[in-house]
Amino acid sequence: MIQTTNLTKTFGDYTAVDHLNLKILPGETYGFLGPNGAGKTTTLLMILGILKPTEGEVHVFGEPVSSGSFSIKRRLGVVAEYQTFYDEMTAWEYLLFFSKLFEVEDPEKRIQELMARVQLWKWRDVLLGGYSTGMKRKLGFVRALLHSPEVLILDEPVSGLDPFGVVQIREVLIDEHIAGKTILISSHILSEVERTADRVGIIAQGRLLVEDSMVNLRQKVGGYRRIELQALHPTEKLVQEIHALPFVDRIDQENDLMVIYTHDDADYRADLGRFLTSQGVVVQGMRALETTLEEAFITITEAHIRDWTGSQDGD
Amino acid sequence: MKGPGLFFVLLSIFILPLVAYAQAPERTEEFVYATTQFNGSGYRSALVPPQSGTIYLIAGLQNILAPRRTQLYYWPITNRYLADWAVENKLVDGQLEIFQYGKKIALIELSDYVVQSDSSDTEEANALYVGEAAKGAYAHFQEFQKKYRDDLYAYYQAQDVYRKQVDEIVRNAVQSGKTVSEADFPKPPTPVPPLSLFSREVAQGYALSLPVGTYTIQMRLPDGSIPHASRKTLVTFEKMQDGVAYTIVPQSRWTKPESSSQPEGVIYTPRGTTLYLQPFRQSQYNDFYYTRMVDPQDQSGRKDRTRWVPFEPYKDANLRHEVLNLAVREIPLEAYFVQQLPGIGLGYEVVKFDPANMPEPSFEGYKLELTADNAECHIQLVNAKGELIAGSGRVIRVLYTDRAWSLYALSALPLMVGFGMIIERRRRIRKIKVDE
Amino acid sequence: MAIDHVKSKNNWRYHWHAIMTLAERSSQSTFWGLGIFITITLALLTSALVLHNSLRFTERNIIYIASQPLFLPIFVNTDLVSLYLAIIAAVTASRERDRGTLEVLFYGPVDEMAFILGLFLAQLKVFLVAILVAVVWLNLVTWLMHLAFSIEMYIILITSIVMAGAVIAFGLLTAVWGGRTRTALVYFLLVLMLLAGLQIADQVISSLVLVTNPTMNDPILVIRNTLVVVSGVIQWVSPYSQLNQAMDAVMLHHLSGYLLHLGVILFQVLVLLLGSILILKRKGVRG
């Protein structure tokens, strides 16, 4: 559905995107992540045809974006990170305008349906200059969905929203995903991406570091390196003894709850269990903790930055 | 341009004219042409200095090109070159060569010419005589002038005798105490009619009458040389069409007539006006050519414009006055006299000329009274055969000047509509700041 | 090939649809403000003043001869309205870029050509409304004052639409060239002042004395000759000047002259619009 081939963008001496090869498949939700300044927004702008690549190509629906074909744009729905509106229009007028632009059928009904979903319908006749940040973000979403696009490109879609708003948007995204739409999300709120993305791509300094499914990513990066243990009144001596075990790296303790970090991906729960039993410890609960996307992200990007810095120093 | 540079440029722009004004105009001896050209109504002279490369003349008519040497100077006040004829005015002897398409087509010798006029207007003459006719015309003028002087002398003599006779009668009446009547006095001598023929002296120049075209001219002196300033382009042009102009004299402002020369020009006048229309024959010329013909140094005049030049009053026609879709009548040309009203108040009235009681008519014209009934009418000259004269038609409309207030009232309407639209929109929208 | 042809045909249809939708929104936005109504009113008031002057002249002078007494009021009216709309076009275009709404449009089926032409047609539509108002005003005024209203009036009014197009297109050019709203306005006003200033300078300098003799060249002569050339160029470049000359041609029943000046204005419109589109493509949509 969306494919970039050696996509590169330079601004003078600075390379914002460096030979990026992405492939977003039809019907999938793709999380596009990276630290600040990684080149995410630049990449998205090139996919949308707003910025011209220095090198490489972007194809959407099999057509090159450089052709400027309107048929591509009419099938895309976009929510940008920084959204601006016509303050002198009401929400209703604004959405009616975009409905006309995209030739939406039965626009009044469609607008009402979408606005009601995000609880904006009662504010439809308010001038957009009076909308709060969260309301504007939701309105941007409605605008993006008006014409039932095949592909949604979302840059920080839940930024500025309250928890209710986040839930509303998440539900919408899930519905769109179920309906078979392709969704490309770029966000710093990794928990939201984790909930919805099928695949994730992480870029840093313009380069794609890793691209994989959520499951594989977690396994690649963290596996089962943490065991959460809840014991009744653990003593300091017990903690030290657990720390002394050969497979333990470190322990984070908060009252009765301990998170034990192991050296590798192997499952040491049995070994730990045997030890605790031998010590007569009452175990209230023990489970292996999965690596979160956030942890995977930090691990991957930190490593890259370390390597990159090291190579720079070596130079 | 940086600050100091700009300052010095501006300074020089302001200082240089002052320097120019401070100096007396420098005179240099130059070859010039003095033209005597027909301008559609009469003959006028113009100076063609060396700086003017092209001479314009009306085609098919007699015009004069006189080669002269004179003291030429630049006069900054009027922004033009002038000739000091009083200091130097020498005829340049030689032949005039005329070329067209690179071929010499004529060689003109100097001939005598004289311009005469029936008015004392020294700017424009209405007759040009060339060759032997010039000498004859001038001789005729000299005879006329002599007769006028003789008649004038006889008149003064007779006037003297008359005054003495009147004094005698009055003295006798006073002495005798008798009443005398008008019949007792002798008739006063008839005044000599004013001079009706004026003439310049016979001069020499090249008489040209060329068809429409562009030519090159130059003088060939007896020694075979060609003065550089004598080489000019000569453009002859013809009139575009004839028409009729009107001088319009309003009853209440007869000293300020207006002229209508454009057939498409509508004549507007307030309600209740009486107008007197005086028709003139006119010809239409290209504005650029005509302007340069009259004054070769005049840079105005546009090739895409035309101008009408009236040349003589149009007599022998009536004015057909038609009020649209209604009455049609013919108004004859009549003479009118402007009569001062008696009394201390200033004022006059225009009345029909009565030859028995009035010295001479003030003007001739067609009288047109405009009332509300003829708020729009059409006028056109019609000749004795009943044919309408082309180019003489005009539309006259009464302008309702008392309704000027409505111009402003109508102009305010869009603003009211705007207010209405904005109020309507404000009614439909909510202008609030939502605080979630 | 057939598919390409269909795609190409569809692209033009989408383009046209985008242009018309943008034009509708933008013209609507112009009518939501009081500015256009104030401008139309002021333009009519100025025309009224000019016409009133003719009426006063008639009252005092008894006779007023004019073939087209309404030409000057029309000229003044259309000049003022077109100038305002050009400024609106410039401000609208540059504000879209400044505040980022242009980028949002470009996410959708809008490109540089659709944007520029959309704004252009929007203001032209507003101008058409102003012309209609002027036609109504002129008809009422001629009826009330008993002026003659000729077919040439309509020709001039139609020509003024093309002139307004050129002025509006110029406004758009300054917007894309200047980038920010303030810069665009400054550029717009600077160019207007430059053109007016050059014409005034030409009139002033040409009336100054020329001291010329065979051995010396007056520097004023150089400036004067330069300004004459520049003035000549301005005559061809200024849409107002071209409208004025077209009006002259109409009065003189000079069809070829009229068509020439109409053609020049149309050419100006095309060049300015094309220039705007190309500059926007080069600069990009991000403010």
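Which strand of chain C does β16(B) pair with, and in which sense, parallel or antiparallel? We will meet the answer in the last view. Welcome to a predicted model, in which local features need pLDDT of at least 70 and side-chain atom pairs count only at pLDDT 80 or more, while totals for chains, interfaces and linings use all residues. Residues are numbered from 1 along each chain as its sequence is written, and chains are lettered from A and ligands numbered from 1 in the order in which they are written.

**View 1. The domains of chain B.** Domain 1 covers 22-238, and domain 2 covers 241-284 + 310-403; these bounds come from an automatic or database domain assignment. Taken over C-alpha atoms, their centres are 34 Å apart.

**View 2. Chain C on its own.** Here you meet 10 helices and one strand (DSSP runs numbered from the N terminus: helices are H or I of at least four residues, strands E of at least two). The order from the N terminus is α-α-β-α-α-α-α-α-α-α-α. Along the principal axes, the C-alpha atoms fill a box of roughly 70 × 65 × 40 Å.

**View 3. Where chain B touches chain C.** Chain B brings 48 residues to the contact and chain C brings 41 residues (two residues are in contact if their C-beta atoms, placed from the backbone, lie within 7 Å). On the side of chain B, α5(B) gives the largest share, seven residues.

**View 4. Strands meeting across the chains.** Here is the answer: β16(B) pairs with β1 (residues 64-66) of chain C in the antiparallel sense, over three bridges (strands pair if DSSP finds at least two bridges between them). Look for B:Y268, which stands opposite C:Y64 in β1(C).
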